[in-house]
Amino acid sequence: MKLRFETFAGEIRVNLDQCKKCKTHACVSACPVNVLKLDERGFPALSKEPSEVKKGGCIECLACEQECLSKGSHALEILLPLLGYE
Amino acid sequence: MSEGGSMVNLYEYEGKRLFRANNIPVPAGEFAKTPEEAEEIAKKLGRPIAAKAQVLTGGRGKAGGIKFAERPDEVARTVEELMKIQIKGQKVHGVLIEEKLNIAKEYYAGIIVDDAIKAPVLLFSTYGGMEIENIAEKYPEKIVSIPIKVLEGMRIYHIRNLVRKLEKGSKEMMKTAQVIFGLYEAYRHCDATLMEINPLALTEEGKIVAADARVQIDYSALARHAELDIRDIERHRTTERSLRAWYEANSDDYRGTWYYMQLIPEDVLAKEYGYIGFHAVGGGESMLSMDALNRVGLKIANYCDTSGSPPASKIYRASKIILSQPNIEGYFFISCIASQPLDITARGLVKALIEIRPKFPVLVRIAGNREKEAHEILRLSAGLLRRVEIYGREVDEDFCARRMKELVQEFRGTN
């Protein structure tokens, strides 16, 4: 089970199987623009239309990734491609 | 950066891409790097084609740089031959495959800078297909021109009046004027120093089409034109890393500012030690800090300023480019008392640091808006890293430079 969506300059991928272990839902509370919410099953989900998120709804602050890494279950990664530096 | 003249030449296919974006009709076609690509393009076009060698010099036709093919299966061989030739000592960069035009008449349209009147001049002639100097010599009565008043700009009626002088009552006059107006807009928009359509073709089907494109851009303005998509370091007169960073900074992501310059080329860094990566928030702060580093004898490999509230994703990309320079012995990050939310800045830094995990020392001075949050983010992640020191507004640039020097010396001692 995966949640994937595009941001202005990259992509966010969440491994929801990994989220089962998470008790903090740190990614959701870290998001300053409320792009993420918890769905009825208790998994992170988008609270806005994907097109809106891509257009700049997600401000790419990277907080969700880092909070997931330090307080969550290492389920969320943000891919920001950089040509020549893969 | 000023070596090699003040102009940058565009290949014909780049010029035509620019023309197309400015509503100047060009023949249907695409650029190909290989015979196979060329054949694919010819198949897509499905009609007789012209294969035009792409070089940054004139005299291509006479040197055999333009060939025609009636059928797509002839194209690969034709292009293979074209790729082998040299034109005035230049290797062929690629080939433009485009539909073969049925030309009924050839015109000339161009904008050049006239040093005598210190202004661009728009030229039009009903005798195209040869060099404008030759037209001027042989048929001076067939050339008309008008100086462009840069402050006032040009209107379509200026061009109609100009064209009318030679083509009174011509049915194509209006269309031609419209195309030349597109040329003026392209010239103006991309800071060109020269733009020529020669020939500007009137086809047997009654269309006005730019059969060729000669474009020169002011080198000093090149940095403002990522849309021209000039990707080679030769024409940018820079290094690969600098160019990549510049494209990252100047693509369609306009959030915040990002200035980057590779001061020491990568091949030099690969052979020499003694440089550190430099990253600042604020132009003034970067000047103060570079002076401070210079005073303690530290040399920087690059210049970078990311300010104006860029997103963390942009800080991350800048930071990653700096951190991944070969053989650097330190990473120096410093902010002015910044108004941009520094917790966002810190997030970008942290992502790059965790990914690269540098062995060399890292010094970060962050002061300003949301500095406490920024320090907390950095401290939380610094645990994952070695040799990261974090400072705030209690220290100045000179302190940071001295401390960086100590850290670099310790690092040298252990490596």
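Here are two worked exercises on helix crossings in this predicted model.

**Exercise 1**

Work out how helix α4 of chain A and helix α12 of chain B are arranged, and which residues bring them into contact.

*Solution*

Step 1. Find the helices: α4 covers residues 63-71 of chain A, and α12 covers residues 342-356 of chain B.

Step 2. Look at the axes, which come within 10 Å and cross at roughly 55°. That angle makes α4(A) oblique to α12(B).

Step 3. Add the hand: α4(A) and α12(B) cross in a left-handed sense.

Step 4. Pick out the residues. From α4(A) come Ala63(A), Glu65(A), Gln66(A), Glu67(A) and Leu69(A), and they meet Arg347(B), Val350(B), Lys351(B) and Ile354(B) of α12(B).

Step 5. Sort the residues of this contact by class, and you get 4 nonpolar, 1 polar and 4 charged.

**Exercise 2**

Now stay within chain B and describe the crossing of helix α10 with helix α14.

*Solution*

Step 1. Locate α10 at residues 283-295 and α14 at residues 397-414, both in chain B.

Step 2. Check the axes: they come within 8 Å, with a crossing angle of roughly 45°. Angles from 35 to 65 degrees fall in the oblique class, so α10(B) and α14(B) are oblique to each other.

Step 3. Note the hand, which is right-handed for α10(B) and α14(B).

Step 4. List the partners: α10(B) supplies Glu285(B), Leu288(B), Ser289(B), Ala292(B), Leu293(B) and Arg295(B), while α14(B) supplies Glu397(B), Asp398(B) and Ala401(B).

Step 5. Finish with the classes: the contact of α10(B) with α14(B) holds 4 nonpolar, 1 polar and 4 charged residues.

Methods
Residues are numbered from 1 along each chain as its sequence is written. Chains are lettered from A and ligands numbered from 1 in the order in which they are written. This is a predicted model: local features need pLDDT of at least 70, side-chain atom pairs count only at pLDDT 80 or more; totals for chains, interfaces and linings use all residues. Side-chain values use heavy atoms; hydrogens and water are left out. Axes are lines fitted to C-alpha atoms, for helices over the stretch in contact, and angles run from 0 to 180 degrees between N-to-C directions. Helices (H or I, at least four residues) and strands (E, at least two) are DSSP runs, numbered from the N terminus. Angles under 35 degrees count as roughly parallel, over 145 as roughly antiparallel, 65 to 115 as roughly perpendicular and the rest as oblique. A crossing is left-handed if the near helix is turned anticlockwise from the far one by less than a right angle, and right-handed if clockwise. Contact means heavy atoms within 4.5 Å. Ala, Val, Leu, Ile, Met, Phe, Trp, Tyr, Cys and Pro count as nonpolar, Asp, Glu, Lys and Arg as charged, and the others, Gly among them, as polar.
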